Amino acid sequence: MRQRFRETDDLMQIIVPHTNTDLDAIGAAVGAQVLYPQARIVLPGTPNPMAAEFISLHRYNLRVYTPKDVDLAQVRRAIIVDTADAARLGPLRPALSGVELHLFDHHPPEAHDLQGRLEVRAQVGATCTLLAELIEEAGAPLTPFQATALLVGIYADTGSLSLLGTTDRDARAAAFLLSRGASLQAAARFMEVSLTPSQQTLLQQLQNRARWVNVAGARIRLLVAEVPEYVGGLNLVIHRLLELEPVPALFAAVRMEDRVHLIGRSSVPWVDAARILGAFGGGGHPAAASAVVKGQPLAEVARRLEAELPAGVERPLMARDVMSAPVKTIVATKPIRDAERLMLRHGHTGLPVVDGEGALVGVVSLRDVEKARRHGLEHAPVKSVMKSRVITVEPDMPVDEVQELMIERDIGRVPVVDGGNLVGIITRSDILGLIYGAPAPRWHRRLYAAPDDPKDLRDRAVEMAREAVEAAPAGIRALLRAVGRVAEEEGVAVYAVGGFVRDLLLGRPNLDFDIVVEGDGIAFAHTLARELGGRVQEVPRFGTAHIYLEPDDPALPSRIDVATARREFYEHAAALPRVEHADLHEDLYRRDFSINAMAIRLGSSGPSGLIDFFGGLKDLAAGQVRILHTLSFVEDPTRLIRAVRFAHRYGFRLEPETEACARAAVAEGFLARVSRERLRNELLLLLQEQGCGGALQMLAELGVLEALLPGVPLDPEVQGLVDAVDGLVEAEPELCRLSQLWLVKLLVLLHRLPLSAGVAAVKRLRLKRAENQACLQVLAGWRIAHDLMVAPHADAASIVAALAEWPAEGLLLLVLLGGGERVAAYWREWRHVRLEINGADVQALGVPAGPRVGRILQRVLSARLSGDAPDRETQLALARRFAAQEE
């Protein structure tokens, strides 16, 4: 067995858990990497909430890749963990055909399972158990982090060794992992706790009456509550409270019947819970203690509790105690490759960036550098990828506050500044060292709320969400409340997200209704569809569903998109929903702009708050479009066009750093790396915006238009013609009804190009066949047609002949170019005119079949359009005369 896992060949190997990766799967992947140290962990999809939190917290110990990060054609061996079902491998499934497979799975075998060259399968409680056993047998070295990852997986899938599927092998594996340094404290962070309704009510009361006190520099949370009847499981309530609102230390006083119950919890060594509650006759240890006081008023006990706090509090650990110094820095103008070399040389994952004078101007992370390198930007200056909004701390800030700040802002390092001078730096590694070496603050979650008065801000968020909904049309209000009512009946939390929320806050209609469900999104979609009278289309692979409706009101959406939340949400009465930092935060962080990254929780009585991690509300108020990270346009260059489209639609501007990133992405040629189809789709969406000439001008100023349509002139005349297209709806309603106005705008942009350049531009866009043919026909013939439209003595027959079979978009282009009257006459009258004679009649006059017949009929039609040949007899006479003239 040992030799089997010590192969040293040059195979490219990947470790693949299943889609919707859970804690057992990610733990098993970590364990597999112990046995296959050269293999990379590749996630085929988005991990589930708790697994994503684990990955985020251990980012520097655990490197994971996406399928896009790996050249799948080079893979020769795949180690599949926690599944043998090919359908659960997502986009990696086709790439594994013909690849050597090693399978590790604890699920019961199925007929359709993959077949591997090596298979380790047994029906134990967790796949992590199997990997732990193999590691023990192989005598492989195991770090405390790896042992913890495996232990978390076992606990997650066995309910901390309490579920019926748990076996003695799981317990033995857990014991082995504990002997190798696995952290129970770390594992406990990822275990869920359920509360009864009465416990939930108590939890909400405790939160609503909580306040902070500062003792010797340490922050302590005080909570006071009173319930008429005894509620069991107060420890469980406090445990859940700490999960929802992690704090360094907490003390609660709860009156039940005739007694006041005191609970103390501390996750930091400078607060001794047992010493504080010992004054009340209580007991416990420094991290957890309790006491009961009889016959005293709650207010008096709470006062005494606060007075006893100094006896059990010492000076907290400060930033100066854990920071690294001196600090290595890099100059902003240095190339990115220099930053990467410096970080790799010294084992750093980030660097402060300074200007030529040594002043702090930014921070650059190894992730930023690696992304830049993948996109070929090694030569670019560090300032092009650094985070320029530097968050710093002072040396005397308590470490638990530093940790909260780092997690809240999702930053990996915080410079320590004293009097304007850079004196040190604190990194995630420093914080993780505290977590695994001594008690420390738990992974923190916070909503968009300033720390000085969060309740007022949360109340304002609730108010703003309610005001936005109340200002919406009656049908939308009814729909939102219906969704909220079904959510409450089903006992799940449901959120409206994205562009719908943006436009709701702006008071604009938006029928793209997207909701996120805490729980089973597909099951909720079926329940909601029954309530609304719709039908459901499931997309099980992604945990999503579409509800199709047939509303009588055109102001209501015909489709609702339902997604399963990838993290766990929590909410409390009269407060903004509490959301785990790594769940909805991560989901919204993947969106393009801050204004599209907000959410509202729905309820039967209206919304209960606005979730805004990234300042989208402030950007709406400031009238600006802002990306969420500096490589946003590098990762998806189509966002360049989208940013301009939103800015134009709402009359916004690009936020300065966003504009700088846009220009840099254009200058580096990233648009050339995007498929033409994606660029075309974004351009067509922009052309569908009303009066989009200004948006095209913005694209031109950024250099995007030249990349999309090389050589297209966008002078004031062309821009004015583009804007005039939308005005044609009133002047030529029938033609507009038969046209795609975006195609007319495209023809306006292309018509002045040389024919060869126009044809090349059309081919670059890869339009649909009919659209492509219409463009080519108009670009080839518009000049001749235009000359006829404006010629003083052009006859109707020539115009009819020139415009026959022309697309409606071409006719509208001629209207814009000054041929409106003749186009209108052609469309309304001339094209309907028919002769009462035909080719047979002309041949009967002795004209042989051939081109002469067509020329004679054309001359007769011209006379007919002029009013000189109103009937058959006159037309035959003219045909006879024309035939004689051509002999």
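**Strand pairing and helix packing in the predicted model**

Strand β7 (residues 211–215) pairs with strand β8 in the antiparallel sense, and 5 bridges hold the pairing. The description given here refers to a predicted model. Within this pair, V215 stands opposite A218 in β8. The two strands form a hairpin with 2 residues between them, and in that hairpin A216 takes a positive phi near 55 degrees. Strand β8 is also involved in a contact between charged side chains, since the structure holds 34 salt bridges, among them one between R255 and E226, whose closest N and O atoms are 3.8 Å apart. Because R255 lies in strand β9 (residues 249–256) and E226 in strand β8 (residues 218–227), this pair ties together parts that are 29 residues apart in sequence.An open sheet is formed by 6 strands, which follow the order β3-β2-β1-β4-β5-β6 and pair in the parallel sense. The edges of this sheet are occupied by β3 (64–65) and β6 (118–121), each of which has a single partner strand, so one side of each is left without a neighbour in the sheet. Within the sheet, strand β1 (residues 12–16) runs parallel to strand β4 (residues 75–81), and 5 bridges join the two; in this pairing, Q13 stands opposite R77 in β4. Helix α1 (residues 23–35) lies across β1, β2 (40–42), β3 and β4, and its direction makes about 130 degrees with that of β4. Helix α3 (residues 127–138) also packs on the sheet, where it touches β5 (100–105) and β6 and runs at about 110 degrees to β5.

Another open sheet has 7 strands in the order β20-β21-β22-β19-β18-β25-β26, and its pairing is mixed. Here β20 (535–539) and β26 (610–612) stand at the edges with a single partner strand each, so that one side of each is left without a neighbour in the sheet. From one strand to the next, the twist averages 25 degrees.

The mixed character of this sheet can be followed from strand to strand. Strand β21 (residues 544–548) runs antiparallel to β22 and is joined to it by 5 bridges, with T544 opposite A563 in β22. Strand β22 (residues 559–564) in turn pairs with strand β19 (residues 513–518) in the parallel sense, again over 5 bridges, and in β22 the residue T564 stands opposite V517. Strand β18 (residues 493–497) is joined to β19 by 4 bridges, and these two strands run antiparallel. Residue I515 appears in two of the pairings, as it is the bridge partner in β19 of A496 and also stands opposite V562 in β22. Towards the edge formed by β26, strand β25 (residues 598–601) and β26 run antiparallel and are joined by 3 bridges, the bridge partner of I600 in β26 being L610.

Two helices that lie across strands of this sheet may be described together. Helix α17 (residues 474–490) lies across β18, β19 and β22 and runs at about 15 degrees to β19, whereas helix α18 (residues 499–506) lies across β18, β19, β25 and β26 and runs at about 80 degrees to β25.

Helices also pack against one another in the model, as the following pairs show. Two packed helices are described by the angle between their axes and the distance between the axes. For helix α28 (residues 716–725) and helix α31 (residues 741–750), the angle is about 165 degrees and the axes are 9 Å apart, which makes α28 roughly antiparallel to α31. The crossing of α28 with α31 is right-handed. In this contact, V718, L721, V722 and V725 in α28 meet L741, V744, K745, V748 and L749 in α31, and these residues divide into 8 nonpolar, no polar and 1 charged.

The packing of helix α25 (residues 676–687) with helix α32 (residues 755–765) is described by axes that come within 8 Å and cross at roughly 100 degrees, which makes α25 roughly perpendicular to α32. The residues R676, R680 and L683 in α25 meet K763, R764 and L765 in α32, and by class this contact has 2 nonpolar, no polar and 4 charged residues.

How values were computed. Residues numbered from 1 in each chain as written. Predicted model: local features only at pLDDT ≥ 70, side-chain atom pairs only at ≥ 80, totals over all residues. Heavy atoms only, no water. Axes fitted to C-alpha atoms, helices over the stretch in contact; angles between N-to-C directions. Parallel < 35°, antiparallel > 145°, perpendicular 65-115°, else oblique. Left-handed = near helix turned anticlockwise from the far one by under 90°. Contact = heavy atoms within 4.5 Å. Nonpolar A, V, L, I, M, F, W, Y, C, P; charged D, E, K, R; others polar. Pairing = 2+ DSSP bridges. Salt bridge = Lys/Arg side-chain N within 4 Å of Asp/Glu carboxyl O.
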